[in-house]
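I open these notes to keep a record of what I looked up in one structure, taking the strands, then the overall form, then a few single residues.

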Amino acid sequence: PMELSGCQAVVPCPLSVQLNSCMMRSTCSNGTVESNSSCEIQCTAPYSGTTTFASCPAENVDPERNASLTLPSCVLQCDPPSTIPLGYEMTKNGWSCSEGFIGVAVGICVLDEASCSSS
């Protein structure tokens with residue numbers, strides 16, 4: 001009987017990184033990108049940033065070929081305190097010491113990874 005060869009299965013490309021679920025989400029299915037397609041990678045609240053894409057070339061037959069991707073640059077966002085303490089003021093350039101106070105005002109945003117919220 002005749003033997004046939006030469007046909008290869010077209011396969012998806014896996015994402016090369018595990019996304020931090022508190023920081024990013026993707027529209028990729030099961031951590032892969034289908035051949036000849038792309039999916040979005042976005043920052044999730046309390047982070048903000050631009051959306052990027054992961055893609056897999058057409059007719060991909062290499063199951064080890066990772067998706068081409070650039071991760072978004074996600075920045076942790078915090079709401080200002082409900083009551084501004086004495087000595088601080090918010091300006092268009094950020095926090096500063098108010099008149100009669102001296103120093104460098106620093107606001108620190110902290111992520112609670114259990115709840116994926118910032119404070």
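In which sense do β2 and strand β4 pair, and over how many bridges? I was working from a predicted model, and in it I found that β2 and β4, the latter covering residues 37–43, pair in the antiparallel sense over three bridges. For one position in this pairing I noted that Arg-25 stands opposite Gln-42 in β4.

**Entry on the sheet.** I then followed the pairing outward and found an open sheet of four strands, which run in the order β2-β4-β6-β7 with antiparallel pairing. The edges of this sheet are β2, at 24–26, and β7, at 68–69, and each of these pairs on one side only. I kept in mind that strands of a sheet pair through backbone hydrogen bonds, in either a parallel or an antiparallel way.

**Entry on the hairpin.** Next I looked at strand β9, residues 88–91, and strand β10, residues 94–97, which pair in the antiparallel sense over four bridges. These two strands form a hairpin, and two residues lie between them. Beside that turn I looked up Thr-91, and its bridge partner in β10 is Gly-94.

**Entry on the whole chain.** I counted 12 strands and zero helices in the protein, so that I could write its pattern along the sequence as β throughout, by the DSSP runs used here. For the overall form I compared the radius of gyration with the rule for a compact globule of 119 residues, which would give a value near 14 Å, whereas the protein has 23 Å. The extents of the C-alpha trace along the principal axes are about 95 × 25 × 15 Å. Of the 119 residues, 24% are buried, and the protein exposes about 8,600 Å², of which carbon and sulfur atoms supply 52%. I also noted that, among contacts between residues at least 6 apart in sequence, 43% join residues at least 24 apart.

**Entry on Cys-22.** Is Cys-22 buried or exposed? Cys-22 lies in the loop between β1, at 13–14, and β2, and it counts as buried because its relative accessibility is 5%, where the cut-off for buried is under 20%. Leaving aside residues up to four places away in sequence, I listed its contacts as Thr-44, Ala-45, Pro-46, Tyr-47, Leu-111, Glu-113 and Cys-116. Of these I checked Ala-45, which is 23 residues from Cys-22 in sequence and 7.7 Å from it in space, C-alpha to C-alpha.

**Entry on Cys-78.** I took Cys-78 next, which lies in the loop between β8, at 75–76, and β9. With 30% relative accessibility, Cys-78 counts as partly exposed. Its contacts, again without residues up to four places away in sequence, are Cys-109, Val-110, Ser-118 and Ser-119. I also looked up the separation of the C-alpha atoms of Cys-78 and Gly-107, which is 9.4 Å for two residues 29 apart along the chain.

**Entry on the surface.** Which residues form a nonpolar patch on the surface? I found Val-104, Val-106, Ile-108 and Val-110 there, with about 450 Å² of accessible area together. One of them, Val-110, is also among the residues that Cys-78 touches. Val-104 sits in the loop between β10 and β11, the latter at 111–112, and Val-104 counts as exposed because its relative accessibility is 73%, with exposed meaning over 50%.

Conventions
Residues are numbered from 1 along each chain as its sequence is written. This is a predicted model: local features need pLDDT of at least 70, side-chain atom pairs count only at pLDDT 80 or more; totals for chains, interfaces and linings use all residues. Side-chain values use heavy atoms; hydrogens and water are left out. The radius of gyration is taken over C-alpha atoms; the globule rule is 2.2 Å times the number of residues to the power 0.38. Buried means under 20% relative accessible area, exposed over 50%, partly exposed in between (1.4 Å probe, protein chains only). Contact means heavy atoms within 4.5 Å. Accessible areas come from the Shrake-Rupley method with a 1.4 Å probe; for residues, only the protein chains shown count as cover. Two strands pair if DSSP finds at least two bridges between them. Patches are made of residues with over 30% relative accessible area and no salt bridge: like charges are joined within 9 Å, nonpolar side chains (Val, Leu, Ile, Met, Phe, Trp, Tyr) within 5 Å. A salt bridge is a side-chain nitrogen of Lys or Arg within 4 Å of a carboxyl oxygen of Asp or Glu.
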